[in-house]
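The following exercises are to be worked through in order. Each gives a task and then a solution in steps.

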Amino acid sequence: MSFAWANQYEPKNDFTKWLDEKLPVPRLVYNAVGAGYPVPRNLNYMWNFGVLAGFFLVFQIITGVVLAMHYAANTEVAFGQIEHIMRNVNYGWLLKYAHANGASFFFVVIYMHIFRGLYYSSYKAPREMIWLLGVVIFLLMMATAFMGYVLPWGQMSFWGAKVITGLFGAIPFIGEPLQIWLVGGYAPNDSTLNRFFSLHFLMPFIIAGTVILHIWALHIPGSSNPTGVEVKQESDTVPFHPYYTAKDGWFLGLILIFFSAIVFFAPNALGHAENWIEANPLSTPALIVPEWYFYPFYAILRAFTGDLTIPFTGIVLIEAKLLGVIAMFGSILVWFFLPWLDKSPVRSGSYRPLFKKFFWFGLVPCMAGLFYLGGAKAEEPYIVLSQIFTAYYFLHFLVILPIISQIEVPKPLPFSITQAVLGSDDTPGGKSGGGDNPGEVVKPLPGGDTDGSLQPAE
Amino acid sequence: MTIRLGGIILGLGLTAVLLLWSLAPGLFTLTSEGFPEKPDYYAFQEENIAPEGGFAFDGPLGTWDYAQLQRGYQVYKEVCSACHSLKYVAFRNLEQIGYTEDEVRAEAATWMVPGIDEKDGSVIERPGLPTDQFPSPYANDIEARAFNNNAIPPDLSLITKARKDGVHYVYSLMQGYNEPDPEDVAKSPNFETPPGLYFNEYFYNINIAMPPQLLDGIVSYSDGTEATTEQMSADVTAFLTWAGEPSLIKRKQTGWFVIGFLLFATILGFLSYKTVWATKKKKI
C-alpha cells in the first residue's frame, strides 16, 4: 500500500527476479524503508527519533545477547559475574557500559519520539493504531528495562525489585498471593532473578514484533508531518531512500557521538553508586529510586500519601498505596485514550495557539518537574510539589485537552505540504488534488478529511 | 463525546482525591509544623575534597601514575588489608600497574591464601599464586563483625564506584578524622560520638567504626616518597580507583578513537545529506 506515485521495485538481475517471485524480501524492504516509501518532504529533526529507537532496540539486543553468554542468573554469583565481565571478558567493560547506557539512550530517544507524537498529535486519525501500538511498545520497554536492572544483583537491583513487585501487593484481595506468585517468594530471591533473566531475554523480541506491527500500521496512512496537513500530491513527498536514509544516517552519527561520550567518559553518570554494592536483603539503602527514565512515574506513585477515607468516620475506601499504583499505571493508560480525548481536527500543535500554550507552559514544565521529583528524597517540599505536578499531569490529558480541543480557534493551515515548504505550490493544476487556486489558504473543517487530502491507494 | 466527558469526570475525580486527601493534609502539616528538621550530624558534614592538582587519571586525557599505584598498593597491603578484602582483584592483575610477571609471582607468594592439602585434603593456608584473588582477612562476616565492633569492613574492590563521588570520598574519608568544628558543636549540643566510634566529617552519619589509619609515617615508601597522611590518602585512592576499574584508562583512550571515527563518519553523512537534499530545499 502506498501512494499512486510511489516508485515501484524492479529486480535488476536474474537472481533478484528469481527471489522476487519466491520470497520478495527485497521488495518488502524497498517498500518499507527504501525508495518505494513516499514520505512528506517537510519532516523536521523530531521525525528522526523513530529510526533511532529502532537502532537502539537492535543495539540492545546484540549487546544483550553477548552479555548473556557471560552472565549467570544465580544470586550467589550474579554480582561477581558482572565483575567477571568488567575485568576478564575481552571488552566486557565496553559491552556492559554500552548495554546499561544503551537502555538510557533508548529511553531518551523514545521520550523524544513520544514528545513529537504529543506535540504534533501524531495519535490522531488516521494514525490511532500506530499510537496505540507505540504505547504498548513503551509499556513492554518499561517492563524489560526494569527486569534488566535487577540482573546485576546490586543493592538498587534488589531493593528496586522489592519495591516494584511490592506494588502488586496493593491490589485488594488477590494482591499478596499474586505478589508471592510473581516474585516466587516473599522477597526477591533466586527464583525471581531466574525468571527476570528469562523474561528480560524474551521481551525484546516481543518488542521487535510489536515494532514490526507499528511500522506496518505506519505504512497504511504514511508518515505524519509538522504541518499536520495530509499528503495531497506527488510534490509533497520524497522517497524515503535516499532522502531520509541520508538524514537519519547523519543524525544517528550525531547521537552516537553523545552516546560514546557517556559510555567512554562518564559511564556511571546515569546510574546509582549503590548498585556497585552487592545485594544485601538485611541492609536497606537510604534512598530507593529506580533508574532515571522511570522518575516521572515513580513521582506519581509516591504523590499519593493519604488514604481515601470517608471524612470523620475513619473508614478507609482505598489505601494510599493502591491509589498511587492506580495513578502510576493510569498515567500511561491515559495515553491509550488520547486519540479520542483530543478531538481538534487540526493535528499540528503549531497551528493550535491554546494547545501550544498549555503544552509548553503546562505539560513540559510538569514533566520536567516530575523527572526531578522522582529521584528526590521522600520529604518536603518534594512531596507537595510532586502532588501538584501529578494533579496537573492528569488534568492536562483528561480535562484540559478535551476542553481546548472543543473551544480553540486554530490558525489557518497551509494548503499543502509543498506550499508550506516552498511558499507556493509548484505543480499548479497538475497532479494536485486541491483545485485551481492552490495559493489560497484553506481553513480546516471540523470532522476530518474534507480538506481534500488523498487516501493512499491500497 | 462519551470518552471526553468520562475523561473530564475521571480527571477531576482523581485530582480531587489527590488534592484533598494527600496534598491538603500534607500542606496542613507543613504550615503548622514547618519543614522537618535535619538530623544533628548534618551540621558537621563537609564537602569531599580533592588533592591539589587532581589525580593523574582524572579527565578525558587521564593516565595512570604507575609509581603512585604501586605506592597505593603498598598502603593497601600494609594497612588496609588487615581488615578489608579486595576480592574481585587477582594478583595477576598487578601486572597492569607496572610489575613484571616474576615480580607478581614473588608478590603473590607473600600472601597466604586458603587452600587444600594435596595429600590429605585438609584445609590449609598456602602461599598465593598469580591466578589467586586477594584473600579476605576474615573467615566470614560473623568473624568480621566480632573483630570490628559489630561493623563489617566493606570489600574495597569497588569502593570508589560504590559511593557517590567515590574517588574523592575515599580520599576525603582518609583525612576526615578531625576535631569537630566548635561552631557546629554549639549548634548541635546533643551531638556526641558513641564509644567505639570515631568522628569523621566525611562519613555519611559522621560517626564511623573505622579508627584513623593513615597516620604520618605508618608506611615507609620504597621509592623514598614522604609518607604523609595526605600523600598516602592520594596513593591508596589511586590504587583503589584502579582496583575498581582496571580498564579506566583504556576506556578513555578507546573513547577518543571511537568519537574521532564517529565525527569523521558524521561529517561525511552530513555532507551527503546536504547533497541529496540540495534540490528539495530550494525556494523557487
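**Exercise 1: The contact between the chains**

In this predicted model, 50 residues of chain B and 51 residues of chain A take part in the contact between the two chains.

Task: Determine which element of chain B gives the most residues to the side that touches chain A.

Solution.
Step 1. Find the elements that give two or more residues to this side of chain B: they are helix H1 (2–33) and helix H8 (248–281) of chain B.
Step 2. Identify the main contributor: H1(B) gives the most, with 19 residues.
Step 3. Classify the residues on this side of chain B: 30 are nonpolar, 12 are polar and eight are charged.

**Exercise 2: The overall form of chain B**

Task: Decide whether chain B is a compact globule or more spread out than one.

Solution.
Step 1. List the elements: chain B contains eight helices and four strands. Read from the N terminus, their order is α-α-α-β-β-α-α-α-β-β-α-α.
Step 2. Compare the radius of gyration with the globule rule: chain B has 28 Å, whereas the rule gives 19 Å for 284 residues. The value for chain B is well over that of the rule, so chain B is more spread out than a compact globule.
Step 3. Consider the dimensions: along the principal axes, the C-alpha atoms of chain B fill a box of roughly 85 × 70 × 50 Å.
Step 4. Consider burial: of the 284 residues in chain B, 30% are buried.

**Exercise 3: The domains of chain B**

Task: Describe how domain 1 of chain B touches domain 2 of chain B.

Solution.
Step 1. Locate the domains: the assignment for chain B places domain 1 at 48–89 + 137–251 and domain 2 at 90–132.
Step 2. State the separation: 25 Å lies between the C-alpha centres of domain 1 and domain 2 of chain B.
Step 3. Count the residues in contact: seven belong to domain 1 of chain B and five to domain 2 of chain B.
Step 4. Name the main contributor on the domain 1 side: helix H2 (residues 66–78) of chain B gives the most, with four residues.
Step 5. Classify the residues on that side of domain 1 of chain B: six are nonpolar, one is polar and none is charged.

**Exercise 4: A hairpin in chain A**

Task: State in which sense strands S3 and S4 of chain A pair, parallel or antiparallel.

Solution.
Step 1. Strand S3 (residues 308–310) and strand S4 (residues 315–318) of chain A pair in the antiparallel sense, over three bridges.
Step 2. One bridge partner can be named: Thr309(A) is matched with Val316(A) in S4(A).
Step 3. The hairpin has four residues between S3(A) and S4(A), and Phe312(A) takes a positive phi near 70 degrees.

Terms used
Residues numbered from 1 in each chain as written. Chains lettered and ligands numbered in written order. Predicted model: local features only at pLDDT ≥ 70, side-chain atom pairs only at ≥ 80, totals over all residues. Domains from an automatic or database assignment. Nonpolar A, V, L, I, M, F, W, Y, C, P; charged D, E, K, R; others polar. Rg over C-alpha atoms; globule rule 2.2 N^0.38 Å. Buried ≥ 20, exposed ≤ 12 C-beta atoms within 10 Å, placed from the backbone. Pairing = 2+ DSSP bridges.
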